[in-house]
Amino acid sequence: MSILVTGGAGFIGSNFVLDWLGQSDETVINLDKLTYAGNLENLASLQGDARHVFVQGDIGDFALVARLLAEHQPRAVVNFAAESHVDRSIHGPGEFIDTNIVGTFQLLEVLRAYWGGLADESKAAFRLLHVSTDEVYGSLAKGDPAFTETHRYEPNSPYSASKAASDHLVRAYHHTYGMPVLTTNCSNNYGPYHFPEKLIPLMIVNALAGKPLPVYGDGQQIRDWLYVKDHCSAIRRVLADGRLGETYHVGGWNEKPNLEIVHTVCALLDELRPRADGQPYREQITYVTDRPGHDRRYAIDARKLEQELGWKPAETFETGIRKTVAWYLENQPWVANVLSGGYRDWVAKQYGA
Ligand code: NAD
Ligand code: TYD
């Protein structure tokens, strides 16, 4: 038996592949385009492991995906592949449309053909799990209840709009063709192998390099944070027992304003790797121009997943963020390799001089 994972060299995908093979001998076919966000170093510990088959390629490449499906006959597909960074989607939405919308559509088409041709038993057992985000719902005001699975879609960035479109396509393939799909919408993840363009790893990396810690606007925007390995365990749970055609929210009830996140990261670094001059890292905080259309608050109501499938996160924010900061301190060679020329070009574009 095998499963096909797309985007398995990215942040969450690589954590998922490592987590999966840590608990199962079922082969993972890992299809990843290796964009700037894909990094095979995340999977270095699987070198020589026959249970991991890596294929570089695009989810939108119908012929390639058809060949992989025919060859490996996976019983499930978990779709992580996406362009995922809101700020990049503001500078250039094109790739978000190509991968998140057209790529997902092509993947659905090739899966429809594969699934349609399966024998009855395999057909009934097959699953497509589509990994999505809470950002499709748009922004909450202070005091609004957290997003439930029936909340109206109101995406505000090219990223979230493209993810919303992909969710709608997945839903339509279930309702129209009966495809056995599951969708998860998760809140902000953090943890090992997180590319340092996103808030938490960017703050750790910049702090250690003595660079400014750029907080957008007033830093009071709220995100709901989940340790990445808890997201992985939720996906396993939904894949195993989720009801077909259903959406499940994944979150850890950890709403925090950005500034508090940055203060927490600084305090952990003060403790674990104090600055040579004895000054606190929070001195490096710099307020910069806000993100255009910046969503004020996200919050996930994960009760359906908890009550129906008995899932619970293993980490609190306090334990998860401590592990994360420690991981970055212990994995400085990984960080150094990621901070390549391409990364520097992005930082110059986004944060200027
Ligand atoms: P990421 O940007 O770190 O990784 C994306 C991966 O997809 C990369 O390895 C990249 O090479 C690959 N990829 C991109 N385009 C591809 C294509 N056309 N074909 C094949 N591979 C392609 O993203 P992530 O943070 O790991 O997010 C994974 C998924 O989870 C995304 O769908 C994202 O929308 C969703 N999600 C992320 C978060 C979060 O906080 N990071 C929260 C909720 C949901
Ligand atoms: P990010 O990690 O990009 O995730 P998302 O936009 O998908 O929620 O950003 C998290 C929050 O941190 C978001 O409110 C924007 C803010 N932020 C900063 O204040 N400064 C930064 O340099 C970055 C990258 C993000």
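**Entry 1: ligand 1**

I opened with a side chain that touches ligand 1: an N or O atom in the side chain of Thr99 is 2.9 Å from a nitrogen atom of the ligand. Taken alone, ligand 1 exposes 830 Å², and I noted that the protein buries 97% of that. I should write down here that this is a predicted model, so I read every value as computed from it.

Next I asked myself which elements give two or more residues to the shell around ligand 1. I found two helices, H1 (11-23) and H6 (158-177), and two strands, S5 (127-133) and S7 (188-190). Strand S5 gives the most, with three residues.

Then I looked for oxygen atoms of ligand 1 that sit by polar protein atoms. For Ser84, an N or O atom in the side chain is 2.6 Å from an oxygen atom of ligand 1. For Gly10, I noted a polar backbone atom, 2.9 Å from an oxygen atom of the ligand.

How many residues are around ligand 1, and which come nearest? I counted 28 residues around ligand 1, and the nearest are Ile12, Asp32, Ser84, Tyr159 and Lys163. Ser84 is thus a name I wrote down twice, once in this list and once for its side-chain contact. Sorted by class, the shell has 12 nonpolar, 12 polar and four charged residues.

**Entry 2: ligand 2**

I moved on to ligand 2, which has 17 residues around it. The closest of them are Glu135, Pro214, Arg291, His294 and Tyr351.

I checked which atoms of three of these residues come up to the ligand. Pro214 uses its backbone: one of its N or O atoms there lies 2.8 Å from a nitrogen atom of ligand 2. Arg291 uses its side chain, with a polar atom 2.5 Å from an oxygen atom of ligand 2. His294 also brings a side-chain N or O atom, 2.7 Å from an oxygen atom of the ligand. On its own, ligand 2 has 510 Å² of accessible area, and the protein covers 98% of it.

Where do the residues of this shell come from? Helix H7 (199-208) and strand S8 (213-216) each supply at least two. S8 gives the most, with three residues. By class, I listed seven nonpolar, five polar and five charged residues in the shell around ligand 2.

**Entry 3: the cavities**

How many cavities of 30 Å³ or more does the structure hold? I found four. I picked the second largest, which has about 50 Å³ of space.

I read through the lining of this second largest cavity and met some names from Entry 2: Glu135, Arg291 and His294 are among the lining residues, and they are also among the closest residues to ligand 2. Other lining residues include Val86, Ser157, Ser160 and Tyr298. By class, the lining divides into three nonpolar, four polar and three charged residues.

**Entry 4: the pockets**

I then turned to the largest pocket, with a volume of about 390 Å³. It has 16 lining residues, and Asn206, Lys211, Pro212, Val347 and Tyr351 are the closest to its centre. I recognised Tyr351 from the list of residues closest to ligand 2.

Which element gives the most to the lining of the largest pocket? That is helix H13, with four residues. H7, strand S12 (285-288) and helix H13 (341-351) each supply at least two. The lining has 11 nonpolar, three polar and two charged residues.

The second largest pocket has a volume of about 310 Å³. I counted 16 lining residues here, with Glu149, Tyr153, Arg171, Gly245 and Thr247 nearest its centre. Helix H6 gives the most to this lining, with five residues, and strand S6 (181-186) supplies at least two. H6 is also one of the elements I listed for the shell around ligand 1. By class, the lining of the second largest pocket has four nonpolar, six polar and six charged residues.

**Entry 5: one loop residue**

My last look-up was Leu34, in the loop between strand S2 (27-32) and strand S3 (52-56). Is Leu34 buried, partly exposed or exposed? Its relative accessible area is 24%, and buried means under 20% while exposed means over 50%, so Leu34 counts as partly exposed.

I also compared Leu34 with Gln56. The two are 22 residues apart in sequence, and their C-alpha atoms are 6.7 Å apart in space.

Technical notes: Residues numbered from 1 in each chain as written. Chains lettered and ligands numbered in written order. Predicted model: local features only at pLDDT ≥ 70, side-chain atom pairs only at ≥ 80, totals over all residues. Heavy atoms only, no water. 1 Å grid on protein atoms, 1.4 Å probe; cavity = no way out; pocket = protein on both sides within 12 Å on 5 of 7 lines; lining within 4 Å. Points joined across faces, edges and corners; volume = space filled by probe spheres on them. Nonpolar A, V, L, I, M, F, W, Y, C, P; charged D, E, K, R; others polar. Near = heavy atom within 4 Å. Polar contact = N/O pair within 3.5 Å; in protein donor to acceptor, adjacent residues only side chain to side chain. Areas by Shrake-Rupley, 256 points an atom, 1.4 Å probe, with all protein chains shown as cover. Buried < 20%, exposed > 50% of the residue type's maximum accessible area, 1.4 Å probe, protein only.
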